[in-house]
Amino acid sequence: MAASSGSKSIFMSIVLSLCLHLTLSSVTYDNKALIINGQRRILFSGSIHYPRSSHEMWEGLIQKAKDGGLDVIDTYVFWNVHEPSPGNVLFSLKLSFGFPVWLKFVQGISFRTDNKPFKHAMQNFTQKIVLMMKDEKLFKSQGGPIILSQIENEYEPEREEFGSAGEAYIKWAAEMAVELNTEVPWVMCKEEDAPDPVINTCNGFYCHSFSPNKPSKPKMWTEAWTGWFSDFGGQNYQRPVEDLAFAVARFIQKGGSFVNYYMYHGGTNFGRTAGGPFITTSYDYDAPIDEYGLIREPKYGHLKKLHKAIKLCENALLTANSTVTSLGNYEECAAFLSNYHTESAARVTFNNKQYNLPPWSISILPDCKNIIFNTANVTGQRSHVQMLPTNVTFHSWETFNEDVFSLEDDSTITTVGLLEQLNVTRDTSDYLWYSTSVNISSSDSFLHGGERPTLSVQSRGHALHVFVNGQLTGSASGTRTYKRFTFRGNVNLHAGVNTISLLSIAVGLPIGLQGEAMVTGLGSQSSIPFVSWVPSSLEHKKQQPLTWYKAYFDAPEGDEPLAMDMSSMNKGQVLINGQNIGRYWTGTMFPDLG
């Protein structure tokens, strides 16, 4: 289940019950709901991804979710976290999201289609994870907390692109999952052709119009988006809780019985684990529990009241078919009075009693008489998290300068043309050097008062620094919307041998330079073949060598959340005690210094 592009390569997720009655029990379903121990249930779930928060936060996050009226927690099982090399399945949190990098280099592989090498790797990993969970007796049928599992993720666009191969793959994936005999239902989100008995589910901001592909399956919303991820240079998205509560109530009103908030706690993309190009280190998502594990009001409290109100209607909603009564331009479904107008309020009569309905709202009446909750009426104070300076003193500052890469470096590969960054670095670094030399004749006109030559370089990811003879000439970068960009600027070349070095920088899913680097203005257009590279994890300052900054500090007292203010810096990464905390990039793009 994923809303961000970089998470779409995660193939299994699990839903764990917060009501841990550790007895053998069954989980099935009918057209109305999941059935646990023979009882239909309306369930509220929240996505909390364990690698996106520290170990110390886990217990508190789960307790806050339970106090907020959630029944279950949803989490991904991250393939490349737990299988960093083929067959080496680990459960220590060395963080990196998405496909494991080694998978890209399996001979003959094609991802997420009817491809034997890919299916072999996917099946091996899925089987190992399920076996480990069975060994620990984690499935509900064993007395454990897992009540639901998901295979694949938002596959519908890929299925349409792959055609018959996509259809064959999704059929295989469903059969493979069911044959693992977990004795809990399997789901596929955003896959309308999910084969029986797998349940197809909805992801989105609104899912009231969704219907499963068979009348025997329940209506489930596996990703109710509480906000959206942020990207460097972009805005921080927020979703009003009035709208989110309205969408959830409307889904339940229309026969839904399972809602999972994506995210309930978003957390942090530590290190280099951001799930896609330009996605920020923060994965806050405007979730009810913020990045630091603090309750976000009024979103948390308003949803808690919504859950309580709907639970009071659970028996009536699940034991009988609801009826819809027309009230002018408004509708009533069981004990839900709805106003779908976005601007005008409504006054309606129901059961010989009048009710006022604010715009774009649903009122819930558990007894069909008294309103106990309206989605638009938000009460309580709004929380405002304010980061205050600590009394921490940084001392013993050290600066380490490293020279611009030269062709004499021992760690080089010589090649014709520009290599794709991921193929070279194997995702071990955000940085990759490309370097070459060009010989300029003393007779070239630009050396005698003519216009300076122009260097142009095309890139797909995601920023670029250009050095000529060891001096920073200029920089350029793309955005999440426009990932492709071209650096173009005048360069200072002298007679004889000149060294041109390019530092390609990835910000998630590295791709790097593409095409050719061209120099024009030398009397004729010249194509420069870049011939050597060396990975690097360094950064630069304007007109200075690449620089590391290092300091020591004493940890502040207490256990309150801490953050680092990097506003005085430009772009780089932060490491504390050797652990990569994440990327920072305070500017929207690099200026052209050429």
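**Note on the cysteines and Glu 191**

1. The S-S torsion of Cys 202 and Cys 207 is about -80°, so this disulfide is left-handed. The model is a predicted one. The sulfur atoms of Cys 202 and Cys 207 lie 2.0 Å apart. The structure has one disulfide. Both partners, Cys 202 and Cys 207, are buried.

2. Cys 313 takes part in no disulfide. Its nearest cysteine sulfur belongs to Cys 368, at 8.0 Å. The cut-off for a disulfide is 2.5 Å, so a pair at that distance does not count. Cys 313 is buried, as its relative accessible area is 4%.

3. Cys 368 is likewise in no disulfide, and its nearest cysteine sulfur is that of Cys 313. Cys 368 has a relative accessible area of 28%. That value falls between the 20% and 50% cut-offs, so Cys 368 is partly exposed.

4. Now to Glu 191. This residue sits in a loop. Strand 8 (186–189) comes before the loop, and strand 9 (199–204) follows. Is Glu 191 buried or exposed? Glu 191 has a relative accessible area of 2%, under the 20% cut-off, so it counts as buried.

5. What does the side chain of Glu 191 pair with? A polar contact of 2.8 Å links it to the side chain of Arg 159. Arg 159 is also one of the residues in contact with Glu 191 beyond four places in sequence. The others are Tyr 155, Glu 156, Ile 170 and Asn 200.

Terms used:
Residues numbered from 1 in each chain as written. Predicted model: local features only at pLDDT ≥ 70, side-chain atom pairs only at ≥ 80, totals over all residues. Heavy atoms only, no water. Helix = DSSP H or I, 4+ residues; strand = E, 2+ residues; numbered from the N terminus. Buried < 20%, exposed > 50% of the residue type's maximum accessible area, 1.4 Å probe, protein only. Polar contact = N/O pair within 3.5 Å; in protein donor to acceptor, adjacent residues only side chain to side chain. Contact = heavy atoms within 4.5 Å.
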